[in-house]
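Let's take a walk through this fold together, starting from one pair of strands and working outwards. Keep the structure open beside you as you read.

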Amino acid sequence: MMNLDREATPRLVPELDPDFRPAVLWNRAFAQAVQACGRAQPVAVAIERDQSQVAVYETNLFPSGIKDAWDEANYFYMERLVKCLLWVKGGWKVTVGGSTQVGEALKVAYAKGGQREFDAEFMGRVYEQVFTVEIAVLSEMPQAYEKTEAVGGHLDGCRIGFDAGGSDRKVAAVMDGKVLYSDETVWHPKVTEDPDYHFEGIMDSVKRAAAHLPRVDAIGVSSAGIYINNRTMVASLFLKVPQELFDAKVKDIYPRVAKELGNVPIEVRNDGDVTALAGASSLQDTNILGIAMGTSEAVGYVDAEGSLTGWLNELSFMPVDYNPEAMVDEWSGDYGCGVKYFSQDAVIKLAPAAGIDLDENLTPAEKLKVVQDLLGKGHEGAQKIFESIGTYLGYAVAYYADFYDIKHLLILGRVTSGRGGILILEKAREVLNADFPELSKINFHLPDESDRRVGQAITAAGLTALTR
């Protein structure tokens, strides 16, 4: 597309993925070309989510209707940008100001049968609204309105923290800040249709933790997915559950757990947010972006005030690679999304190029373990896998910094276990130092091995404030 694809070639190329085209480099090349044309056209995007909150993003495009190449580049840039904003911020209504042409094209993309139909339907489910795209003049655009929320850090009383991952579930029993018990249990929620399997698995872990406490004052849950008022709106953990059963048994699955234990107070948060809160607690600082690399990519953010933003932070769906031949995410049907770069899927994706043949009968978690074992034995191909993921991460963090003010980057999760996590961070630092020196001030953190695995469950235990 114009000369922008060539300019998006990274200086540091992932050895196992030479066709990687970082979104951040393409966007920067686009912005420079727009300014160089001398006729930049201001545009804005407003995205409304729950509680009438509105996020506004302002940028510039080539003037419309003059060159086909400019119009093509404008649409590609805006289509990718709006998708990113939706998965960073969340929202059910998009308003485009300053470009009727782009606005009309986005209406088509987000309509039934359009390029972004999945995203529109997903957001509609999350916010229980009909997803819409509207067009406005710049002077009549909605005004930004967002609020934050202070959450977590409660240590008093007898608490249970539960972390629901796609490959294992973790639980911790905590009394006045001291961990009395922690445990991991393998399960397979993403391939199971019966929601009773999920409920019984959660109850099994929670009851075993409760056995180590004199009483249960509160439950905190860290769970992959999107939760509003403790209700499950959308979550890959329940991917195979039919919609009718999802509505009947999954939306209130965690409140039902609390009821089973005697109507104890409960707080449910996305596992990415809990990752960030864990970082804020351990680092005693703010502006923390936490990334959990496990079954998927879970992201959370703690702002300058130490609060959660209420954004979706579902960066597993955010495009980080603009190579059109990049692997497609099976769920969303889109290419280049974070889930294929910062999860066990990334390891599996890169294995053939690393000369590693994985048994197709193994689960994804078992395939990851095979590669990690090979890394521990000094396998050169396995090392290149984690170094390639680290290169991905460096360029992705530079893109994330367009939306988040990042002082600390914390990574954890199954993929970061062992030496792999160290290799990932080393390469990510190398990318920032080489291509984004203005971001080299970001501090990278890798928790110790125990915290990487059960730290989220322990942090989750402190989510709920007790009422006396």
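In which sense do strand S12 and S13 pair, and over how many bridges? Strand S12 (residues 288-293) runs antiparallel to S13, and six bridges hold the pairing. Bear in mind as you look that this is a predicted model. The turn from S12 into S13 is a hairpin, with three residues making the link. If you want a spot to put your finger on, try Ile-291, whose bridge partner in S13 is Val-299.

Now zoom out to the sheet these two belong to. It's an open sheet of four strands, ordered S13-S12-S14-S15, and its pairing is mixed. At the edges you'll find S13 and strand S15 (443-445); each has a single partner strand, so one side of each has no neighbour in the sheet. From one strand to the next, the twist averages 15°. On its other pairing, S12 runs parallel to strand S14 (residues 408-412), with five bridges between them. Here Ala-292 is the residue to look for, as it stands opposite Leu-412 in S14.

So is S13, out at the edge of the sheet, buried or exposed? Six of the six residues of S13 are buried, so the strand is largely enclosed by the rest of the structure. Glu-297, Val-299 and Tyr-301 point one way, while Ala-298, Gly-300 and Val-302 point the other way, and all are buried.

Helices lie across this sheet too. H12 lies across S12, S13 and S14, running at about 140° to S12. Helix H13 (residues 419-435) lies across S12, S14 and S15, and runs at about 170° to S15.

Follow H12 and you'll come to another helix. The axes of helix H2 (residues 23-36) and helix H12 (residues 380-400) come within 8 Å and cross at roughly 50°. That crossing angle falls outside the parallel, antiparallel and perpendicular ranges, so H2 and H12 count as oblique to each other. On the H2 side, the contact is made by Ala-23, Val-24, Leu-25, Asn-27 and Arg-28, and on the H12 side by Tyr-395, Ala-398 and Tyr-399. Sorted by class, that's six nonpolar residues, one polar and one charged.

Next, head into the loop between strand S13 (297-302) and helix H10 (344-350), where Asn-313 lies. The phi of Asn-313 is near 55°, a positive value in a residue other than glycine. Asn-313 has 2% relative accessibility, so it counts as buried. Asp-321 lies in the loop between S13 and H10 as well. Why does Asp-321 count as buried? Because its relative accessibility is 0%, and the cut-off for buried is under 20%. Leaving aside neighbours within four places in sequence, Asp-321 is in contact with Asp-17, Asp-19, Phe-20, Arg-21, Ala-23, Ala-326, Tyr-335, Gly-336 and Tyr-341. Ala-23 may ring a bell: it's one of the H2 residues in the contact with H12. Asp-321 and Tyr-392 are 71 residues apart along the chain, yet their C-alpha atoms are separated by 8.7 Å.

There's another open sheet to visit, with four strands in the order S2-S1-S3-S4 and mixed pairing. Its edge strands are strand S2 (54-61) and strand S4 (132-136), each pairing on one side only. The twist here averages 20° from one strand to the next. Helix H3 (residues 68-89) packs on this sheet, touching S1, S2 and strand S3 (93-97), and its direction makes about 160° with that of S2. Strand S1 (residues 41-48) and S2 are antiparallel partners over eight bridges, and Ala-44 stands opposite Glu-58 in S2. In the loop between S1 and S2 sits Ser-52, with a positive phi near 60° in a residue other than glycine. Ser-52 has 48% relative accessibility, so it counts as partly exposed.

Finally, step back to the whole protein. It has 14 helices and 15 strands. The radius of gyration is 22 Å, close to the 23 Å that the globule rule gives for 468 residues, so the protein is as compact as a globular protein of that length. Its C-alpha atoms fill a box of roughly 70 × 55 × 40 Å along the principal axes. Buried residues make up 58% of the 468. Of the contacts between residues at least 6 apart in sequence, 69% join residues at least 24 apart.

Notes
Residues numbered from 1 in each chain as written. Predicted model: local features only at pLDDT ≥ 70, side-chain atom pairs only at ≥ 80, totals over all residues. Heavy atoms only, no water. Pairing = 2+ DSSP bridges. Helix = DSSP H or I, 4+ residues; strand = E, 2+ residues; numbered from the N terminus. Axes fitted to C-alpha atoms, helices over the stretch in contact; angles between N-to-C directions. Contact = heavy atoms within 4.5 Å. Buried < 20%, exposed > 50% of the residue type's maximum accessible area, 1.4 Å probe, protein only. Parallel < 35°, antiparallel > 145°, perpendicular 65-115°, else oblique. Nonpolar A, V, L, I, M, F, W, Y, C, P; charged D, E, K, R; others polar. Rg over C-alpha atoms; globule rule 2.2 N^0.38 Å.
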